[in-house]
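Me: I'm new to this one and would like to learn how to read it. Could you walk me through some features, one at a time?

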Amino acid sequence: MSKEIVVSGIRSTGHLHLGNYFGAMQNYVKMQDSYDCYFFVADYHALTTHPDPKELKPSVYRVLAENIASGLDPEKVALYVQSDVPEIPELYLMLNMLAYKGELEKVPTFKDKVRQHPDNVNAGLLTYPVLMAADILIHRAVKVPVGKDQEQHLEMARNFANRFNSRYGEFFPEPQVFRFNDETVKIMSLDGNGKMSKSENVNATIFLNDDDDTIRKKIMKAKTDQGPTEANMVMPDYIQNLFALMNAVSNPGVTDTFRKAYNNCNVRYGDMKKQLAEDMVAFVAPIRERAAELNKDEDTLRKILKMGADKARASSSETIKGARKLMGINY
Ligand code: TRP
């Protein structure tokens, strides 16, 4: 039986952090064997904000190197850059004819951008959801692992797919949100304010390229308190977060010891953080080093991209051929 098709776009801004790693990457890595995965760097999407041309290549290489170092296997998945697949902008053009100005203007992410950057309300920004729909529909994918903030975009992709189907004939399946199982760990910011993110407090976010001492410093500064005042007390979320991190990177015995100490009200957060810091360093260092090594190895990265683009184009050209035929573009 053929595997279900999964597509996901990776943004090329900022370094990967532990929130991405445990919240998404680990799941992507698990998916590689059971699904037909297409993962790509969304470089065309990035153009909506006019990045410095000199910065594109380093950021694309960096994001590729970090994703591969985190466990994505370019032999198993199609790992490519969006702009290497000209079928995507072709489908984007077709879908633009089925997307209405009114519905695009109502999208909350678009309205946010208009509010934040009223001087750069370009058509690419308005049609961002159409390009995203093209990314997905080009492989006729059925599952898309995205966060809450992208669910509306996915709904629009379903609408465009259905509109195409009802106008030209059944062709695109409806892509659905791929939900990770409940075991997915949610990593909070080390200052206890919301989820770990690259845009909030960078001192409370551990990036996969942080050096050993930076990791130690960030963990030692993580928010704690006076400790529990009675046995088996419910943990505040910032303490629970430290345990979640420990669970993810330390030996189970170590976590158990501190958990027991917590329940007996004699936990020492200083010791706990020291232990966590060392285990975190041991966890992150090999990923960071592998990413740095790959990042310098342009030949290998270029080969990986070529391989990914070939796989992506094989699937994309089939879709475009079918769409053109249905639309009558076959002279
Ligand atoms: N818009 C997504 C984000 O900001 C990235 C993205 C672009 C994407 N195209 C996609 C995600 C297609 C899933 C499928 O995170």
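Reply: Happy to. Keep in mind that this is a predicted model. A good way in is a database annotation: UniProt, in an unreviewed entry, places the feature "binding site" at D135.

Me: Which helix does D135 lie in? And is D135 buried or exposed?

Reply: Start with the element, then look at accessibility. D135 is part of helix α8, residues 128-137. Its relative accessible area is 2%, and buried means under 20%, so D135 counts as buried.

Me: What is D135 in contact with, once neighbours within four places in sequence are left aside?

Reply: The list is V7, F40, H45, Q82 and I88. With Q82 there is something extra to look at: the side chains of D135 and Q82 are joined by a polar contact of 2.8 Å.

Me: Let's try rings. How many aromatic pairs does the structure hold?

Reply: There are 13 aromatic pairs. Take Y28 and F180 as a worked case: their ring centres are 6.4 Å apart, with 55° between the planes, and the pair is tilted.

Me: Why does that pair tie together parts that are 152 residues apart in sequence?

Reply: Look at where each partner lives. Y28 is in helix α1 (residues 18-34), while F180 is in the loop between β5 (176-177) and α10 (212-220), so the pair links parts 152 residues apart in sequence. Y28 is buried at 9% relative accessible area, whereas F180 is partly exposed at 24%. Ring pairs also link Y28, Y35, F39, F178 and F180 into a cluster.

Me: Which ring has the charged end of K223 over it?

Reply: That's the ring of Y238, and the charged end of K223 is 4.6 Å from its centre.

Me: Now the overall layout. What domains does the assignment give?

Reply: Domain 1 covers 5-184 + 298-327, and domain 2 covers 202-292. Taken over C-alpha atoms, the domain centres are 34 Å apart. For the contacts between them, 10 residues of domain 1 touch 14 residues of domain 2.

Me: Back to single residues. Where is A141, and what does A141 touch beyond four places away in sequence?

Reply: A141 is in the loop between α8 and β4 (143-144), and it is buried, at 0% relative accessibility. A141 touches I5, V6, V7, I136, P173 and P175. P173 is 32 residues away along the chain, yet the C-alpha atoms of A141 and P173 are 7.1 Å apart.

Me: And S12, where does that lie?

Reply: S12 is in the loop between β1 (5-10) and α1. It's a buried loop residue, with 7% relative accessibility. Leaving aside neighbours within four places in sequence, S12 is in contact with V41, A46, S59, R62 and V63.

Me: Last topic: backbone angles. What is phi of R140 near?

Reply: First the general idea: most residues other than glycine have a negative phi. Phi of R140, though, is near 50°, a positive value. R140 lies in the loop between α8 and β4 and is partly exposed, with a relative accessible area of 27%.

Me: What about C265, which has a positive phi although it is not a glycine?

Reply: Its phi is about 60°. C265 is found in the loop between α12 (252-263) and α13 (269-296), and at 30% relative accessibility it counts as partly exposed.

Terms used: Residues are numbered from 1 along each chain as its sequence is written. This is a predicted model: local features need pLDDT of at least 70, side-chain atom pairs count only at pLDDT 80 or more; totals for chains, interfaces and linings use all residues. Side-chain values use heavy atoms; hydrogens and water are left out. UniProt positions are given in the numbering used here, feature names are shortened, and annotations may be inferred rather than shown by experiment. Helices (H or I, at least four residues) and strands (E, at least two) are DSSP runs, numbered from the N terminus. Buried means under 20% relative accessible area, exposed over 50%, partly exposed in between (1.4 Å probe, protein chains only). Contact means heavy atoms within 4.5 Å. A polar contact is a pair of N or O atoms within 3.5 Å; within protein, one must be able to donate a hydrogen and the other to accept it, and residues adjacent in sequence count only if both atoms are side-chain atoms. Rings of Phe, Tyr and Trp (its six-membered ring) pair if their centres lie within 6.5 Å; planes under 30 degrees apart count as stacked, over 60 as edge-to-face and the rest as tilted. A charge sits over a ring if NZ of Lys or CZ of Arg is within 6 Å of the ring centre and within 35 degrees of the ring normal. Domain bounds come from an automatic or database domain assignment.
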